[in-house]
Amino acid sequence: MSIQAIPVETGASATARAAAAPRQRRDEGRAGIGLAAPFLILYVLFLIGPTLYGVVMSFFNSSLEHAGLGGFTGPDNYTQALTSSDFWQSMWHTVLFTLMTTPPLVALALVLAIFTDRLRRGRWFFRLLFFAPYVVPSAAMALIWTWLYTPQIGLWDKWLSAVGIANPPNWLADPSWAMASVALATVWWTLGFNFVLYLAGLQEIPRNLYEAAEVDGASRWHQMRRITIPLLSRTTALVLVLQIIASLKIFDQIFLMTAGGPNYATRPLLEYVYDIGFTDFRTGYAAAASMLYFLVILAVSLVWFFISRRQQKEA
Amino acid sequence: MSAISLPRRSAEVHARSQTADWRARYFNWFCLSVLLVFAAIWIIPLLWAVDTSLKPDGVIAAQPTSWWSGSWTVHAYQELFNLGNIQVWYLNSFMISLLSAVFAVVACSMAGFAIARTRFRGRRFIYGLIAAGLLIPPQVLIVPQFQEFNAVHLLNTYWVQVLPAVAVPIAVIIFASFFNGIPAELAEAAHVDGASWWRIYRTIYMPLSKPAISAVFIFTFVWKWNDFLWPLLTLTNTRTMTLPVGLSQVSSSFGIQYAEIMASAVLGALPLIVVFLLFQRRIVEGIATTGIK
């Protein structure tokens with residue numbers, strides 16, 4: 001799950017009750033802590049704790065082969081990662097996948113949502129169709145698309161040969177096509193999410209704006225460019241950031257469809273961490289690589305945070 | 001002058017609106033045809049998977065891309081069920097998703113209520129800690145979390161899936177912001193009447209929060225059902241695997257038996273497609289209001 005920051009009103013109503021009697025306030029304090037406790041215990045054990053432990057581990061020579069942290073190595077794991085060509089290669093694959101999937105997933109979702117919003121009837125049908133693949137597990141999606149991409153007997157190759165392209169590339173096994181093939185399958189798989197966010201954004205544009213534009217003789221094309229797209233800019237910012245973060249987390253599809261291959265040509269950063277940590281058992285080094293990866297995602301999240309805060313102030 | 005020019009102008013406007021009408025209709029047809037083309041592209045992979053799964057393997061080898069085989073069969077499905085693992089994977093996926101969703105709703109709504117409606121020492125700090133957690137993607141924690149569960153011997157259990165799925169900060173924030181939208185006077189009045197905070201939470205706030213409950217429940221359920229990396233790492237025993245992990249293992253044993261492979265893909269996709277068809281409105285509204293991905 002990734003997230004959109006939701007503003008929460010903290011404390012305004014609580015301060016209104018500041019005049020409460022001390023005994024009551026003690027009760028309230030106890031009740032508050034008690035109600036929050038089950039979540040907080042799990043939160044500290046399984047989110048805050050592992051984060052801190054991961055930071056510590058990244059400075060040690062930890063391994064799955066021996067218990068405990070192992071020897072202190074200082075920043076060695078980090079210097080090793082930053083000078084490793086494998087690390088940078090998998091980082092590049094992650095960025096490349098993000099660059100390949102984000103523009104079509106945002107632009108196509110926008111266009112299809114605008115077109116669907118124009119319909120008088122049957123919106124539910126397109127919403128259903130475009131969103132349905134999003135609920136399919138990655139494992140099932142990968143099986144289906146691997147079959148579609150199968151050389152010669154797969155559906156895509158048959159169609160291509162029917163239109164005269166007799167020698168299509170071997171999609172998933174060709175280093176220069178594998179990433180694009182996975183990206184295309186991903187567009188099919190996850191477009192529905194952005195599509196639904198855009199449809200919701202379109203609902204908030206007042207209809208009378210279009211009517212006014214119509215009276216002024218603006219064409220549909222003009223209405224779209226001058227009214228719809230500018231008024232959707234906040235939705236677009238949200239969709240864009242959620243998409244970048246989701247794409248940076250790429251693992252499932254590549255692991256399942258190409259296993260990072262051919263010859264590591266598509267291995268993303270999460271799979272690099274997986275290989276280092278769980279095949280080579282070098283957990284200290286894997287934790288350091290995870291932290292560097294975390295910094296990239298954090299940077300995107302923080303940029304988003306400041307943009308949305310500025311938008312809120314303007315609004 | 002004005003008496004003459006007025007009708008002329010309105011005639012002009014009328015003519016213009018007629019061309020606009022015509023253009024609008026043309027444009028709507030254009031939109032619809034683009035949508036229909038994309039709709040076809042979107043449905044074909046799913047239909048093709050179902051189609052392949054219902055053909056005998058021999059037919060697939062002979063004419064791999066004919067849609068109509070003439071000899072439909074559910075042999076591939078029978079074979080999958082005869083292997084006996086898929087039933088266990090369904091059960092595991094269902095139990096893990098259900099337990100995660102129930103615990104997440106209970107624990108996160110309680111914490112959300114505490115933050116939104118009670119004052120206690122350190123509340124601001126705890127809220128900050130939870131908000132900071134929004135920035136931490138669970139994927140970067142796989143190594144330390146694995147070590148943790150390995151140390152307490154909980155790998156290959158439901159707990160290794162359920163416990164981290166409850167510690168999701170966004171669910172607390174969703175509940176807290178929803179509770180903030182319910183007038184605080186409600187809690188105050190009940191409190192003056194002597195109701196305990198637990199009672200206020202359970203009998204006043206929770207019954208009013210069905211949209212937030214269903215959003216958190218559905219998203220936790222779907223997320224855990226489709227989760228792949230963490231179950232792949234921690235559920236290595238065939239009998240403890242979830243459906244997606246099991247499918248990724250079983251497909252390699254089928255080699256080029258495409259009907260069996262597609263049957264397993266269809267069985268993997270089916271439950272959530274059905275859930276989506278049943279709860280389409282709630283799922284779509286949930287996404288639109290929370291943006292959980």
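The exercises below, each with a worked solution, concern a predicted model of a complex that includes chains A and B.

**Exercise 1. Confidence**

Find what confidence the predictor gives to the complex and to each of chains A and B, and where pLDDT falls below 50 in chain A.

Solution. Begin with the complex as a whole, for which the predictor gives an ipTM of 0.83 and a pTM of 0.84. Next take chain A, whose mean pLDDT is 84, with 93% of its residues reaching 70 or more. Within chain A, the pLDDT is below 50 over residues 1-17, and this stretch has 34 contacts in the model beyond near neighbours in sequence. Then turn to chain B, which averages a pLDDT of 84, with 88% of the residues scoring at least 70. In chain B, pLDDT stays under 50 over residues 1-7, and for these residues the model has zero contacts beyond four places in sequence.

**Exercise 2. The make-up of chain B**

Describe the secondary structure of chain B, the share of its residues that are buried and the share of its contacts that join residues 24 or more positions apart.

Solution. Counting the secondary structure of chain B gives 15 helices and zero strands. Of the 293 residues in chain B, buried residues make up 44%. Finally, among the contacts in chain B with a separation of 6 or more, 77% are between residues 24 or more positions apart.

**Exercise 3. Domains within each chain**

For chain A and then chain B, state the domain bounds, the distance between the domain centres and the residues that take part in the contact between the domains.

Solution. In chain A the assignment gives domain 1 (20-76) and domain 2 (84-314), and the C-alpha centres of these two domains of chain A lie 34 Å apart. The contact between them takes eleven residues from domain 1 of chain A and eight residues from domain 2 of chain A. By class, the side of domain 1 of chain A that touches domain 2 has four nonpolar, six polar and one charged residues.

In chain B the division is into domain 1 (2-53) and domain 2 (78-290), with C-alpha centres 42 Å apart. Here the contact takes four residues from domain 1 of chain B and six residues from domain 2 of chain B. On the side of domain 1 of chain B that touches domain 2, two residues are nonpolar, two are polar and none is charged.

**Exercise 4. The interface and the core**

Work out how many residues of chain B are in contact with chain A, which helix of chain B gives the most to that side, and which helix gives the most to the largest nonpolar core.

Solution. Start with the count, in which 96 residues of chain B are in contact with 86 residues of chain A. Helix H1 (residues 2-53) of chain B gives the most to the side of chain B that touches chain A, with 18 residues. That side divides into 69 nonpolar, 18 polar and nine charged residues.

Now consider the largest nonpolar core, which has 163 residues, and in which Cys108(B) and Ala111(B) have the most contacts. Helix H4 (residues 85-117) of chain B gives the most to this core, with 15 residues. Leaving aside neighbours within four places in sequence, Ala111(B) is in contact with Leu35(A), Ala36(A), Phe39(A) and Leu40(A), as well as with Val172(B).

**Exercise 5. Buried or exposed?**

Decide whether Ile126(B) and Ala187(B) are buried or exposed, and name what each of them touches.

Solution. Ile126(B) lies in helix H5 (residues 123-133) of chain B. Because 21 other C-beta atoms lie within 10 Å of it, Ile126(B) is buried, the cut-off being 20 or more. Not counting residues up to four places away in sequence, Ile126(B) touches Ala36(A) and Leu40(A).

Ala187(B) lies in helix H9 (residues 184-192) of chain B, and with 23 other C-beta atoms within 10 Å, Ala187(B) is therefore buried as well. Beyond four places in sequence, the contacts of Ala187(B) are with Arg117(B), Ile200(B) and Ile204(B).

**Exercise 6. One side of a helix**

Explain why the buried residues Phe126(A), Phe130(A) and Phe131(A) are on the same side of H5(A).

Solution. Phe126(A), Phe130(A) and Phe131(A) are buried in helix H5 (residues 123-131) of chain A. These residues cover an arc of only 115° around the axis, so they are on the same side of H5(A). An α-helix has 3.6 residues a turn, and therefore residues three or four places apart point the same way.

Technical notes. Residues are numbered from 1 along each chain as its sequence is written. Chains are lettered from A and ligands numbered from 1 in the order in which they are written. This is a predicted model: local features need pLDDT of at least 70, side-chain atom pairs count only at pLDDT 80 or more; totals for chains, interfaces and linings use all residues. A nonpolar core is a set of buried Ala, Val, Leu, Ile, Met, Phe, Trp, Tyr and Cys residues joined through C-beta atoms within 7 Å. A residue is buried if 20 or more other C-beta atoms lie within 10 Å of its own, exposed if 12 or fewer, and partly exposed in between; C-beta atoms are placed from the backbone. Helices (H or I, at least four residues) and strands (E, at least two) are DSSP runs, numbered from the N terminus. Two residues are in contact if their C-beta atoms, placed from the backbone, lie within 7 Å. Ala, Val, Leu, Ile, Met, Phe, Trp, Tyr, Cys and Pro count as nonpolar, Asp, Glu, Lys and Arg as charged, and the others, Gly among them, as polar. pLDDT is the predictor's confidence in each residue, from 0 to 100. The arc is that of the directions from the helix axis to the C-beta atoms. Domain bounds come from an automatic or database domain assignment.
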